[in-house]
Amino acid sequence: MWLGLPDPLDTLKGEAEIDPETEALRSLLLGLELLTTKGAATSQRILDAISHPPDPVSGTRPNGPLAAAIGELVASSRPTAAQLSRALAPFVSRVLDGRKLVRKRTHDGWVWSVIRQDDSDRGSSGGSDDESCFER
C-alpha cells in the first residue's frame, strides 16, 4: 500500500519478472556460476563450453541454459570472444537473485566470474571484494 492505494512499484516488479533480458541474465549468471566454480573463465572458454553438441542419448546440451542465455544477449548466432565481452559488459556489477557478474582484464582478455552478493549491496561499485573470485 502506498497512500492508501496499491503500490505502483508492484507493477514494475511484475514487469521485471517477465522481462526477457532479465530472464536471460538470470540464466547467464546461473550457468556461468556453474562453469566457474573454481575461479573464472575467459570469453573464449565460455564460448567453448557452450559449443558442445547435444548428447546423443539424452539430446541435451551441456551448458544448454548458458548457451540459450548467450543467444539472447549476443546479437550473433556464432559470437566471437570480443562480441561476448561487449554483450556482457553492461551487466557487470548488476545484482540479480544474489549473484553478481564480475570481470577482470588479463593478458588473455576479459575473465568473467559470478560472486554471491546480497541484493542490499546493489549500489556497490565493485572493488577489491569483486576480485576475490579470481585465481591468483
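pLDDT is the predictor's confidence in each residue, on a scale from 0 to 100. It belongs at the start here, since what you have in front of you is a predicted model. Averaged over the chain, pLDDT comes to 82, and 79% of the residues reach 70 or more. The weak spot to keep in mind is residues 122-129, where pLDDT is below 50. Beyond near neighbours in sequence, that stretch makes four contacts in the model. Where pLDDT is low, the predicted coordinates should not be read in detail.

Now for the overall layout. The chain has five helices and four strands, and if you walk from the N terminus you meet them in the order α-α-β-α-α-α-β-β-β. There are 136 residues, of which 34% are buried. The chain exposes about 8,600 Å², with carbon and sulfur atoms supplying 53% of that area. Take the contacts with a separation of 6 or more: 52% of them link residues 24 or more positions apart.

Let's head inside. In soluble globular proteins, nonpolar side chains tend to be buried together. Here the largest nonpolar core counts 25 residues, and Leu28, Ile46, Ile70 and Leu101 have the most contacts inside it. Who contributes? At least two residues each come from helix H2 (20-35), helix H3 (43-50), helix H4 (64-73), helix H5 (81-88) and strand S4 (109-116). H2 gives the most, with six residues.

Ile46 is a good place to stand and look around. Setting aside residues up to four places away in sequence, Ile46 touches Leu32, Leu35, Ala41, Leu66, Ile70, Leu84 and Trp112.

From there, slide over to Thr36, in the loop between H2 and strand S1 (41-42). Is Thr36 buried or exposed? Its relative accessible area is 6%, so it counts as buried. Past its neighbours within four places in sequence, Thr36 is in contact with Ala41, Trp112, Ser113 and Val114. Ala41 and Trp112 also turn up in the list of residues that Ile46 touches.

Next, the stretch around H3 and H4. Pro53 sits in the loop between these two helices, and with a relative accessible area of 61% it is exposed. Leaving out neighbours within four places in sequence, Pro53 still has contacts, namely with Arg61 and Pro62. Its C-alpha lies 9.8 Å from that of Gly64, a residue 11 positions away in sequence.

Move on into H4 and you find Ala67, which is buried because its relative accessibility is 12%, under the 20% limit. Again with neighbours within four places left aside, Ala67 is in contact with Ile50 and Arg61. Arg61 is thus a contact of Ala67 and also of Pro53. Between the C-alpha atoms of Ala67 and His52 there are 9.8 Å in space, against 15 residues in sequence.

After H4 comes Val74, in the loop that leads to H5. Being in a loop doesn't put Val74 on the outside: its relative accessible area is 7%, so it is buried. Which residues does Val74 contact, apart from neighbours within four places? They are Pro79, Gln83, Leu84 and Ala87. Leu84 is familiar from the surroundings of Ile46. Ser85, 11 residues from Val74 in sequence, is 9.4 Å away from C-alpha to C-alpha.

The backbone has a couple of oddities further along. Most residues other than glycine have a negative phi, and most peptide bonds are trans. Ser93 departs from that habit with a positive phi of about 75°; you'll find Ser93 in the loop between H5 and strand S2 (95-96). Asp97 is another non-glycine residue with a positive phi, near 55°. Asp97 belongs to the loop between S2 and strand S3 (99-106), and at 37% relative accessibility it counts as partly exposed.

Last stop: the aromatic rings. How many aromatic pairs does the count come to? Zero. Trp110 does have charged company, though. Arg103 lies over the face of Trp110, 4.0 Å from the ring centre. Arg105 also has its charged end over the ring of Trp110, at 5.3 Å from the centre.

Methods: Residues are numbered from 1 along each chain as its sequence is written. This is a predicted model: local features need pLDDT of at least 70, side-chain atom pairs count only at pLDDT 80 or more; totals for chains, interfaces and linings use all residues. Side-chain values use heavy atoms; hydrogens and water are left out. Buried means under 20% relative accessible area, exposed over 50%, partly exposed in between (1.4 Å probe, protein chains only). Contact means heavy atoms within 4.5 Å. Accessible areas come from the Shrake-Rupley method with a 1.4 Å probe; for residues, only the protein chains shown count as cover. A nonpolar core is a set of buried Ala, Val, Leu, Ile, Met, Phe, Trp, Tyr and Cys residues joined through side-chain atoms within 4.5 Å. Rings of Phe, Tyr and Trp (its six-membered ring) pair if their centres lie within 6.5 Å; planes under 30 degrees apart count as stacked, over 60 as edge-to-face and the rest as tilted. A charge sits over a ring if NZ of Lys or CZ of Arg is within 6 Å of the ring centre and within 35 degrees of the ring normal.
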